Amino acid sequence: MNMEILSNLVITKIHSATTMYTSGGTRIKREGRPCWAIVHKFEGETVYTANGRTYVSDRTHLAILPKGCSYEWYCTRSGHYFIIEFDADAQGPDLLSLHTEDSDRIHTLCRSMEQKRLAKRPMWQTESIRDTYSILLLLTEEANKKYLPGEKKQKLLPALDYMTEHYNQPLSNDMLAELCGISTVYFRKLFTQ
């Protein structure tokens, strides 16, 4: 899934914000997900498979499951997870697994959402939409930090972007160097560094 879809996502309703438990060895196949979901497996690990790719949900990786996607998941290690299910104005065929360094903050936001929902606080829906945006913002900011380039890395950005978008196609040093506007020898040197 392109990260761009997350930056333009308009959330219209939160269906649930719930802590659940899955036993190791559990396997489920799901066709045409009816709504979006963010899954934070704060204990154990669950592996999702869709379109020949693998995605992980564990303490440091959140899975984002878009409306309309089909996938299979397998709980490799038992544990609790938090799931936020919501409606949004977009669909996507691809799952996403995003790394987080701030797992505790995300866990706190999730717990707060669950408590507001259970207490039926007035405005829980609005507050939960805000908290879901906060989680998405944290995740996208962390994902973007990985790509903040230094002076030398700046020259490699066209090649890195191309490789990210075309990871399943043949690549050559000559082609990538040309994208960056530098010689093949210099490209190899920078890329190795």
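Is Thr-18 counted as buried or exposed, and at what relative accessibility? In this predicted model, Thr-18 counts as buried because its relative accessibility is 19%, and the cut-off for buried is under 20%. The residue is part of strand β1, which covers residues 11-22. Leaving aside residues up to four places away in sequence, Thr-18 touches Tyr-81, Phe-82, Ile-83, Glu-114 and Arg-117. With one of these, Arg-117, there is also a polar contact between side chains, at 3.5 Å.

The strand that holds Thr-18 belongs to a wider arrangement. An open sheet is built from 5 strands in the order β1-β8-β3-β6-β9, with antiparallel pairing. At its edges stand β1 and β9 (96-99), each of which pairs on one side only. On average, neighbouring strands of this sheet are turned by 20 degrees against each other, with direction ignored. Helix α2, made of residues 103-119, packs on the sheet and touches β1, β3, β6 and β8 (79-88). The direction of α2 makes about 105 degrees with that of β1. Within the sheet, 4 bridges connect strand β3 (residues 36-40) with strand β6 (residues 61-65) in the antiparallel sense. One pair to look for is His-40 and its bridge partner in β6, Leu-62.

A second sheet comes next. Here 4 strands form an open sheet, again described by antiparallel pairing, and their order is β2-β7-β4-β5. The edges are taken by β2 (27-30) and β5; each has a single partner strand, so one side of each is left without a neighbour in the sheet. For neighbouring strands of this sheet, the average turn against each other is 20 degrees, direction ignored.

The pairing of β4 and β5 can be followed residue by residue. Strand β4 (residues 45-50) and strand β5 (residues 53-57) run antiparallel and are joined by 5 bridges. Val-47 has Val-56 as its bridge partner in β5, while the partner of Thr-49 in β5 is Thr-54. The two strands form a hairpin with 2 residues between them, and in this hairpin Asn-51 takes a positive phi near 50 degrees.

Attention now moves to a helix. Helix α4 spans residues 151-165 and has 15 residues. From its first C-alpha to its last, α4 reaches 23 Å, which is close to the 21 Å expected at 1.5 Å a residue. Where does α4 bend, and by about how many degrees? The bend is at Leu-157 and amounts to about 50 degrees, with a proline, Pro-158, following within four residues. Leu-157 is also one of the buried residues of α4, which are Leu-156, Leu-157, Ala-159 and Met-163. These buried residues pack against two other helices, namely α5 (173-180) and α6 (184-192).

Helix α6 offers a contrast to the buried Thr-18. Val-185 has its place in α6, and it counts as exposed because its relative accessibility is 58%, with the cut-off for exposed being over 50%. How many Å separate the C-alpha atoms of Val-185 and Glu-31? They are 47 Å apart, for two residues that lie 154 residues from each other along the chain.

Conventions: Residues numbered from 1 in each chain as written. Predicted model: local features only at pLDDT ≥ 70, side-chain atom pairs only at ≥ 80, totals over all residues. Heavy atoms only, no water. Expected span 1.5 Å × (residues − 1). Bend = angle between axes of the 7 residues up to and from the residue. Buried < 20%, exposed > 50% of the residue type's maximum accessible area, 1.4 Å probe, protein only. Contact = heavy atoms within 4.5 Å. Pairing = 2+ DSSP bridges. Polar contact = N/O pair within 3.5 Å; in protein donor to acceptor, adjacent residues only side chain to side chain. Axes fitted to C-alpha atoms, helices over the stretch in contact; angles between N-to-C directions.
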